[in-house]
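Subject: Structure handover

Hello,

The complex is below for you to look over. My notes on the chains follow after it.

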Amino acid sequence: MLLTALILMPLLFAGIVAFAPARNARGMALLGTTLALALGAFVCSQFDWGYADKHQFGAAEPFVWFPALGLNLSLGVDSVALMLVLLTVLLGPICVLCSWTAITQRVRTYYSWLLVLQAAMTGVFCARDVIFFYICFEFTLIPMFILISLYGSTNRRKAAIKFFLFTFTGSVIALAGLIYVAWYATTTSGGRFQGWTFDIGALESAARTMSLRQQSIVLLALMAGFAVKVPLFPVHTWLPLAHTEAPTAGSVILAGVLLKLGTYALYRFVLPFVPEAVVEYAPFIGVLCIIGILYGGLICWVQTDVKKLVAYSSVAHLGFCVLGLFALNNTGITGSILYMINHGLSTGALFLLIGMVYERYHTRSMKELGGLASKMPVWATFMVFFTMASVGLPGLNGFVSEFLCLLGAFQASSAWGSGLWGSLGLQPGATPGDYGPWFAAVAGVGMIVAAMYLLYMVGRMVWGPLVEPRSHAHHAHGAEDPNALPRDLTPREIGLLIPIAALCIGLGIYPKPVLDALQPPVSRTIAHYEQLRNSPRLTPTAPAEHASAQDGEGAP
Amino acid sequence: MSDLLTLAQSGYPAPIAGVTLAHYLFVSAAMFVLGLIGFLTRRNLIIMFLCTELMFQAAGIALVAFGRYHLNFHGQTFVIFILTVAAAEAAMALALVVLLFRRKESLNAEAWQDLKG
Amino acid sequence: MLSQEHITGHAATAIDEGGMLTMLVPALTILAVVLCGLFAAMRVKNKAPAFVTVALLAASFVAVLMTYLNLGVEKTWIAHGFDWINFSWSGSENRKLTTHALIANFSFYLDGLTILWMLFVTGLGTLIALYASEYMSHDVGAGYCRFFAAFSLFVFSMACLVMADNFLLLYLGWEGVGLCSYLLIGYFYKKPSAVAAAKKAFIVNRIGDLFLALGIMLIYTHFGSLEYTTVFAQTETYIEALKEGNLEVIPATVQLIPLLLMGGAFGKSAQLPLYVWLPDAMEGPTPVSALIHAATMVTAGVFLVARTYPLFLLSEHALPAVAWIGALTAFFSATIGMAQFDIKRIMAYSTVSQLGYMFCGLGVLTSVGGAFHVFTHAFFKAMLFLACGAVMHGFAGQLDLRKLSGVGFMRGWKVTTVAMLVGCLNLAGFPIITSGYWSKDMILGEAFANPHTQAIGWILLLTAGLTAYYTFRVFFRVFVGPVQYEMGDEHHGAHEDAHGHGEATHAPAHATHATPHAPGWAINTVLAVLAISAFAIIPFTYSHGGWVHTMIEGSTARYEGAAAYLGHGEHAHGTFLGFEAHGALMVVSGIVGAIGIVIAWWLHYAGRTTAATSRADALLPKLGPIPRWAQHKWYVDEFYDFLIVRPLWVLSNIFHFIDQYIVDGIVDLFGAAPSLTGKAVRPSQSGELHSYAAWMAGGMAVLILIVILVAT
Amino acid sequence: MGAIINPFILYGLCVLGGAGVCLALPRGGRTPQVIGALLAALIGGAALLFLGVKAGHDHPNYYFYVFSLIGLGAGLRVITHPRPVYAALYFILTVIASAGLFLILSAEFMAFALIIVYAGAILITYLFVIMLATQAPEEGEIEVLADYDVNAREPLAATVVGFLLLALLTSMIFKGIGNLPGPGNALGKDVAANMPLKAERALRSAGLIKAGETVSMINLEEGFIQIQDLDGQFQKIERRDWPKSLESTNIEHVGFNLLRDHPGTIEIAGVILLMAMLGAVVLSRKQVQLDEEAKRAQAHRLGLIEREGGSA
């Protein structure tokens, strides 16, 4: 019931905003998102942390939607989903507030779609039914499409279409994979048709009995959809464009939550559904992540559009996140989930800050902007702060997750199968960390690259001699626009950033509650992999024993 | 001709020496191709329709021959349907032709090229 | 082979809970940061931030001192603050339930090493903050707050680094000091060179940090813990095995750990090949150079090696590598230092060089020597920097030794000159009366005492001579000789005050700073205190480290004299040209230092022709291009730029191109496929009935052809 | 079974026939149409002759050749004759020839239905439309054929496409399909079971059952008809004794097949016809609604009235 309310609340307010007078639109939107935030906090307080791996708040008798296909509107959150729901509801008011003065045209449309988007995103995290999940997952595209194509900057049409088609194409393939799993589940025992079900839990146990070949195909299909959303290396090109063209709130949501839909789906579906295939292909996915980390990072370094820079940095950051996820061990997955939240906060905040500058100078080019520290010291302080959070400075949130992801990758190879290595003529690690350390080391180079491009950005934008766009400098001497924003941040803008900054510090200094809360669900996910590792089917017994025997002989 | 009448009245086919199914099919194919060529080359709408009727004829011959070959009557039955379609087509198409002719005072099919949409 | 007698490890020291007083240090420093932030928000325009910082840092120093006096260093104390990254999970390994944990708490590990480092970090921090209160006075306002906030944050980070009881908290401090270094180097953020230097420092440090992080991961993977107590308890067993002579029991992974940690240490402590950031870091305000880039932060690498000394002892190659790289860095940077004209840069290169000494000390197994040199160096190098800073402050940023002369004979510069002289004597290793002499001698003696490291010893000895020369080159050029000077072109940091009617203030500023102004009471006091303490520590420490020895004795770096791999058996028989090494070196190093000073005197004082030129200038052309190369820092920056930065830049551009036109191009191609296909086949939609029919017939023909081909 | 005709001969014939047809197509009298037609006819005849020879029977059925040649020849004229009226008339000839072929194939009902419906009804409609759609020449004028009737459109390409198709079709047809089977003995007998009254009447007229006796059972499997006489005694009539008239006629077969096996299709056919009728009605009504503007434009185009400007 609580979760239903959490989804319906923004929808309700979307309706109100759509039909209320335009001058009240932003106020109503703020009220709606704030109420959702309060409700989210209430859900969080009601959550039974002792059973964090149970999906809670689901109705005892879920609303039956389409009995013939076994479709239910069943909802429920475990601690992982709850974290992401909280992130979503937190970013809600922030997105409304950051558009406060920036959006002046078609205000009602804007805010109502923003609220619809929030409802859809909440739905994704709360869904316990594959089809409901998928509907919400896809439905996020429509509001986002509208936000980009109506409120974006110059190249917005192309960006919106590309964003929509790219992610849509991918997720249709993922849907095919999910339906295949459901179809498989109808006939698991004894080949008799048992009726359709799309319950995630039921499909999870059914899917695991698939053969490796089937699992691999499903993995491929799911990756095709979710990797686009994440986005992983070769399918990332929609992201920079979409980020660059989207309005500030759109960028914040895109970086903060929408990308997490992909990683969350990887966590929710790929890992539990097709473990054997994941074990086989995790190294391959890891390689893609690493390519994304380095490639994305280096591309950042040569950008002149600051928003594009941060967008490409998302490609690199999400590479860390997925790398941790596919490390298939507790540290890696914990780190990865934490990364989802942290990236949402720090990159979201960076987009906010860039949006604030854009609102003042109407340019994002680092050639036209520089040394803003002398004009906007408060902005500069926050900019440096969030850059450092993004770089992964210890004591701030980014570090904890980044380190855990890398540590997970470092220890990963014991969990990985021989699929890729076998084809290269290599044997997977007989001891933990034969190849994982190399993954971690190469990915770790990404930390250096991250420092390179983010400091390059700060060096251009914040430090150095003051550079302002010529047109703007001209304006400054002429008649001041009475509605123009003051040079430095307004209290509203500072108020937006402070909660995020506080969370960044909080999660960096005292991440223990979150880490503890994540353990039960993560352990549950891992348990199957440990089982798999201990089962004879995948253990590379012969080489391992061989190697240890040799060691034993070599010792004396 | 008496032979033929006997044949018609005998109730079942008499043995037809020297003619195989292939003969009929050849005739059918040749007639079809004639109709096709006519359709492709003639520009008069009415003649084009006649050509389609020619192709219908060819199909009818093939159908009846096959029915005869398989010793059933489906082929003949389907000729009835062909007749139906031909009649319907004649009614509709000719009505259209008349309509079109009224518009442009020409039966040239190429005059209506701009109907491509 | 390894024999037992050479491992003189103590039994594991007792570990106890306690020392909560030290928690005051991070608390007070964070309080200082917050207060400075508040001052900035309240637009305070006086020196309040400085005094708050000085007071809180002094309180921190007192807290550390109290802890030392109360707890002593016989035992190791663990002070638990709060849980930081701390979670556990259960798993199953071969059907057995196992429990794993990743524990990195905000807890402090207090042993002699920690206390020693914390004492001089907080002590020097307080003094330098006091110095800075005057030095930075032209910037009172937002910049002043920013400076002291970062300054306090640095002390906080350094405290975490030094007192951490686990590797992750150490890493926090490690990166934290990097951040503060970044912020403070870039303090004059309008100067592009300062911004670039800050960026360079951070990135080069990050390279080192990557190695450190990998080392930490390997430690966790191998030892299953990040806490010192657990890790060192396990190294203890390896050491026991070493005593038995079982070299083979130590896995290769464990031997790899110190090599990775070493990478981190070399990044932070500016050793080859990662030293390039430190000279550039002199773009920061001088107090920063003194505290961070001379006395404390750069010794973090040395601290790391000392802290993880047990791990280094387990590796065959780690300590020799440390020693060799240290020696080469010492020599290499000394050669650069000889050819520089910017006095702050000379000091920077001498810092790099002295850090090399410290690593050598650790590498040749005198961790006490290393720590001792860190300790003495912290005082005299801070003093040197502060003296240089006073000059820079007084002469509007003038740092070129060719444009300054006879400063010591000017009014109000006495204290500065004396302090400078004391610092130079220490750095040059003037015999007996300087603490620098004693600490340097300890390292040299140990290097020669071991036959395997005698080559290192010779390099160090040569470097000692060079050091004495370039140190006194500065002194003779700048502080004595004819009084002549040229003002610098900087107006107190090139940092306009925060109100921002920027350019207009330039011209008047020029006029007001046309004459040098002598340092005030704060600077003089600090210089005096440091100069006195540089002498005062001699009695406590001259004999084999003395007090420092007792501090190290109970710490993780305690394996003094233990020759795990470096020339084990014959250790005791190492000699200096047939004499007993330690004794001989006391004489020889003194002589070498004196020779260096005399040469400097002959070239730069006795041979002084004008303020700008000296006998050295006449001699230089005879050496061919070498002085020019040295002046250009052996073109190392250009080399890196050419070999790493440029290719990476080109590669990035190539990637960007690929991303835009190939990866995205393929996507666009897929997107454009429908419309392209439509364009291609649109002509067939002619509206000609005949052509449609012909296509139909042709299609039918093709279909039949396929049927025929397939059927046959 | 091997190919009936060597494919290369067949392809050669196709090429020649194609050339003939191509020549025969109307080109405003610029080409010798007659020669083409003759060539095509010759090739058609040759092809049929080949077929006969290859079939290797003593008594080729001349009617087949006669009807085939008439049908194809008339078909050729349909597509080559520039005047639509003649084309339609030739088409009637094709229809009649097809009917002849149907007769040979013992599809009598269809043969006559074809003549009645096609030749009688549909083609008459065509002729009507042709009449409607061509202006009769004015008094004293020489009739000028429309250009689109006189000139064939791309005759070569069309012929190539058509004869390519023919070559492919024939090479598939002549892969070897066997002779048509002789009269099936079971053919048609089952109808008796469905029409017991007819069976009884036939038996009665043949004198096999007398007054008062009734047919009690028709067993086609075992081939007897059981008769019950007045005393209730059963009697069997074996198949060999069945009269000739018991065998059902072609029209009965077609009727059964149509109504029993394709009831749905016949419904659909009915609907199609209905819709066609409605469509024709609608379409023919629509022509009235040519608006004034269009009418004027058309009249103007045709030169029926003077320019608007002139009159105004």
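**Confidence and findings**

In chain A, pLDDT (the predictor's confidence in each residue, from 0 to 100) stays under 50 over residues 536–556. For that stretch the model has 15 contacts beyond four places in sequence, two residues being in contact if their C-beta atoms, placed from the backbone, lie within 7 Å. This is a predicted model, in which local features need pLDDT of at least 70 and side-chain atom pairs count only at pLDDT 80 or more, while totals for chains, interfaces and linings use all residues. Residues are numbered from 1 along each chain as its sequence is written, and chains are lettered from A and ligands numbered from 1 in the order in which they are written.

A further stretch of chain A, residues 418–433, also has pLDDT under 50 throughout, with 33 contacts beyond four places in sequence. Where pLDDT is low, the predicted coordinates should not be read in detail. Over the whole of chain A the average pLDDT is 84, and 88% of the residues score at least 70. For the complex, the predictor gives an ipTM of 0.70 and a pTM of 0.78.

**Chain A**

Chain A contains 22 helices and two strands; helices (H or I, at least four residues) and strands (E, at least two) are DSSP runs, numbered from the N terminus. Of its 556 residues, 60% are buried. A residue counts as buried if 20 or more other C-beta atoms lie within 10 Å of its own, as exposed if 12 or fewer do, and as partly exposed in between, with C-beta atoms placed from the backbone. Among the contacts in chain A with a separation of 6 or more, 78% are accounted for by residues 24 or more positions apart.

Helix H18 of chain A covers residues 436–461, 26 residues in all. From first C-alpha to last, H18(A) reaches 37 Å, close to the 38 Å expected at 1.5 Å a residue; the expected span is 1.5 Å times one less than the number of residues. H18(A) is mostly covered, with 20 of its 26 residues buried.

Helix H12 of chain A (residues 275–301) includes A:Pro275. A:Pro275 has 21 other C-beta atoms within 10 Å and is therefore buried. Beyond its neighbours within four places in sequence, A:Pro275 is in contact with A:Arg208, A:His528, A:Tyr529 and A:Leu532. C-alpha to C-alpha, A:Pro275 lies 21 Å from A:Ile290, which is 15 residues away in sequence.

**Chain B**

Chain B has four helices and zero strands, giving the pattern α-α-α-α along the sequence. Of its 117 residues, 62% are buried. Residues 24 or more positions apart make up 46% of the chain B contacts with a separation of 6 or more.

**Chain D**

The average pLDDT of chain D is 77, and 77% of the residues score at least 70. Among the elements of chain D, helix H4 (residues 84–104) has the highest mean pLDDT, 91, and helix H13 (residues 308–311) the lowest, 44. Residues 307–312 of chain D stay under 50 in pLDDT and have one contact beyond four places in sequence. Residues 183–188 of chain D also stay under 50, with 11 such contacts beyond four places in sequence.

An open sheet in chain D is formed by three strands in the order E1-E2-E3, with antiparallel pairing; two strands pair if DSSP finds at least two bridges between them. Strands E1 (214–219) and E3 (234–238) of chain D stand at the edges with a single partner strand each, so one side of each has no neighbour in the sheet. Neighbouring strands are turned by 25 degrees against each other on average, direction ignored. Axes here are lines fitted to C-alpha atoms, for helices over the stretch in contact, and angles run from 0 to 180 degrees between N-to-C directions.

E1(D) and E2(D) (residues 224–228) pair over five bridges, and D:Val215 stands opposite D:Ile227 in E2(D). Helix H9 of chain D (residues 196–205) packs on the sheet, touching E1 and E2 of chain D, and its direction makes about 115 degrees with that of E1(D). E2(D) and E3(D) likewise pair over five bridges, with D:Phe224 opposite D:Glu238 in E3(D). Their hairpin has five residues between the strands, and in it D:Gly232 takes a positive phi near 85 degrees.

Regards
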